[in-house]
Amino acid sequence: MCGIVGYVGPKDARDVVLEGLRRLEYRGYDSAGIAVVADGQLSSAKKAGKLANLEKLLADQPLPAATVGIGHTRWATHGGPTDRNAHPHLSADGTVAVIHNGIIENFAALRAECESAGVEFTSETDTEVAAHLLAAAYAAAPEGQGRLAEAMRVICRRLEGAFTLVATSAHEPDTLVAARRSSPLVVGVGDGEYFLGSDVAAFISHTREARELGQDEVVEIDRHRGLSVTDFAGNPVEPKSYTVDWDAEAAEKGGYDWFMLKEIAEQPKAIADTLLGRLGANGELVLDEVRLSDQDLRDIDKIFVVACGTAYHAGLIAKYAIEHWTRIPVEVEVASEFRYRDPVLDRSTLVVVVSQSGETMDTLMALRHAKDQKARVLAICNANGSTIPRESDAVLYTHAGPEIAVASTKGFLTQLVACYLVGLFLAQVRGIKYEDEVATVVAELRELPAAVAKVLEQMEPVRELGRSMADADRMLFLGRHVSFPVALEGALKLKELAYIHAEGFAAGELKHGPIAVVDEGTPVVIVVPPRARDLLHAKVVSNIQEVRARGARTIVIAEEGDEDVVPYADHVIRVPRTPTLLAPVVTTVPLQVLACEIADSRGLDVDQPRNLAKSVTVE
Ligand code: M6R
């Protein structure tokens, strides 16, 4: 939520910052802005709407060339998406510019304090207080090197909430200062140049060398003195270095119309990469990076899976698999609810937090609550160096590569695969499953990339179907067992991309109420379990007949060779035969393609749907 970019170095900061904003626009697109310092003068420009609006403004009214600059792309929280509320925000004397991601929770009191000192505010944002406070703290700080950084530390000690702040000042034209508490910020280190970004995509075309910033830290980047990091009290901190394991090409559309299409197509590889190195030659699992001891894993008597949105749906599917394989009770919970209901947690509870971005604030807060209660926390995450894995006891990275489209696709499938690995690993360590049983599932996991590739080869009829449904105004998704969360995921994809009201139901629940909304022509997607699940399969076939009898247009996802569904289906989408617990990996794919195609046919921005942002860093 909100993209932040900063640059210090020999290149033209305007170009570097704008390029970074283009790459981070998926984090928020309500407005964009930029500030540079040139010849001791601070200049800025900002505009509501997508980055293209700012670019147009800059083409008409260019900023001066500079070697230090900051940029921001916004997802509005406090104050509407207007020009005035766009970042950067300037201090009253125009010497300091600040960009911000997060929420300053005590901004009202701080604003009142500034106003009583005579400051006139020009926006409705919480951010603007930071600009005014920073200018005042700068004036009060001792003269000499590091004055802006000291002023930043002073104000950070007063701010409550979550924030990444980046500031530039006309007084220190070669310096950028940034701070972070619970919101993301990484530093890129190039040859004589430095970058700041909400994530590494901001600077990946310039460098893959990154530094992680910890909680409550301030970084000062000076063109001559380089990089230094302290905590909010001013104590020096050594930032952790890492090399990003993907390159700029991975963050390009690569010939696809939408990032989402590219990411859907990348799913076989993403799954294969997530399995890579984790399946031993004899069919055993090798999860060395899970830093919990075997004894810790044996002591677990309860598991929570906690996540948001699509990641939560992965958790719902994980419950079926983990309980089945380990016989440990699993609860799945939406992260934003978790800590507020006082869940029963202790040392023998394992909390699995699932997050593609590793920055989702609701999930992060749930993680912290779990740790406060002494539970063990294992993160399943796609973003190396992000906050959630850093604060967890153990981590299993998915290797999906960068996911740019706001709607999660390869993130979801790789989360599923990682959840399967966790379940199987627990069963292996605890001796619940015999080696050959683990080996059998491992062999099935190895088949998944090919199975997904096969689904993708057969998507043309699904695209056609999607194009024929551009005018739909509502849609239902039904499934049972592991296909129930798949139905939820199908409905979420359609809502967020095509703005069509959609709901997912456990198919058996339909008769308890929701079937009342089905009438002539209502599109109903039914995800049918494998035929091997006799009883369940027969019941879902009955559910198809029930909605069809009420006039529904039935779109049925069924495995190859399942002829039982044919008489009741207006459209059949085939997927390869896959074992029941793993089937969501293949049955989700047509739902992603369908939602994408419907949204595209409606002329919508598939990658950046309205009101959303990729990484939700506010609670
Ligand atoms: O980065 P995370 O996996 O923590 O994100 C969680 C949700 O915000 C995310 O899955 C969201 O629901 C997606 N837009 C769904 O496509």
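Four short exercises with worked solutions follow.

This is a predicted model, in which local features need pLDDT of at least 70 and side-chain atom pairs count only at pLDDT 80 or more, while totals for chains, interfaces and linings use all residues. Residues are numbered from 1 along each chain as its sequence is written, and side-chain values use heavy atoms, with hydrogens and water left out.

**Exercise 1.** Find which residues come nearest to the ligand, and which of its atoms pair with protein.

Solution.
- Start with the shell. Of 15 residues around the ligand, the nearest are Ser355, Gln356, Ser357, Thr360 and Glu496. Here, a residue counts as near if one of its heavy atoms lies within 4 Å.
- Now take the polar contacts (pairs of N or O atoms within 3.5 Å). A polar backbone atom of Gln356 is 2.6 Å from a ligand oxygen.
- Lys493 places a polar side-chain atom 2.8 Å from an oxygen of the ligand.
- For Glu496, a side-chain N or O atom is 2.4 Å from a ligand oxygen.
- Finish with cover. On its own the ligand has 410 Å² of accessible area, and the protein covers 90% of this. The areas come from the Shrake-Rupley method with a 1.4 Å probe.

**Exercise 2.** Name the elements that give two or more residues to the ligand shell.

Solution.
- Elements are DSSP runs: helices (H or I) have at least four residues, strands (E) at least two, numbered from the N terminus.
- The elements are α9 (309-326) and α16 (483-498).
- α9 gives the most, with three residues.

**Exercise 3.** Decide whether Thr349 is buried or exposed, then list its contacts.

Solution.
- Locate Thr349: strand β18, residues 349-355.
- Check its area. Thr349 has a relative accessible area of 2%, so it is buried. The cut-offs are under 20% for buried, over 50% for exposed and partly exposed in between, with a 1.4 Å probe and protein chains only.
- Set aside neighbours within four places in sequence. Thr349 then contacts (heavy atoms within 4.5 Å) Asp301, Lys302, Phe304, Val344, Ala375 and Arg376.

**Exercise 4.** Place Asp39 and Ser182, and say what their phi values are.

Solution.
- Asp39 sits in the loop between β2 (31-38) and β3. Its phi is near 50°, positive in a residue other than glycine.
- Asp39 counts as exposed because its relative accessibility is 82%.
- Ser182 is in the loop between β8 (172-181) and β9 (186-189). Phi of Ser182 is near 65°, also a positive value in a non-glycine residue.
- Ser182 is buried, at 3% relative accessible area.

Methods. Polar contact = N/O pair within 3.5 Å; in protein donor to acceptor, adjacent residues only side chain to side chain.
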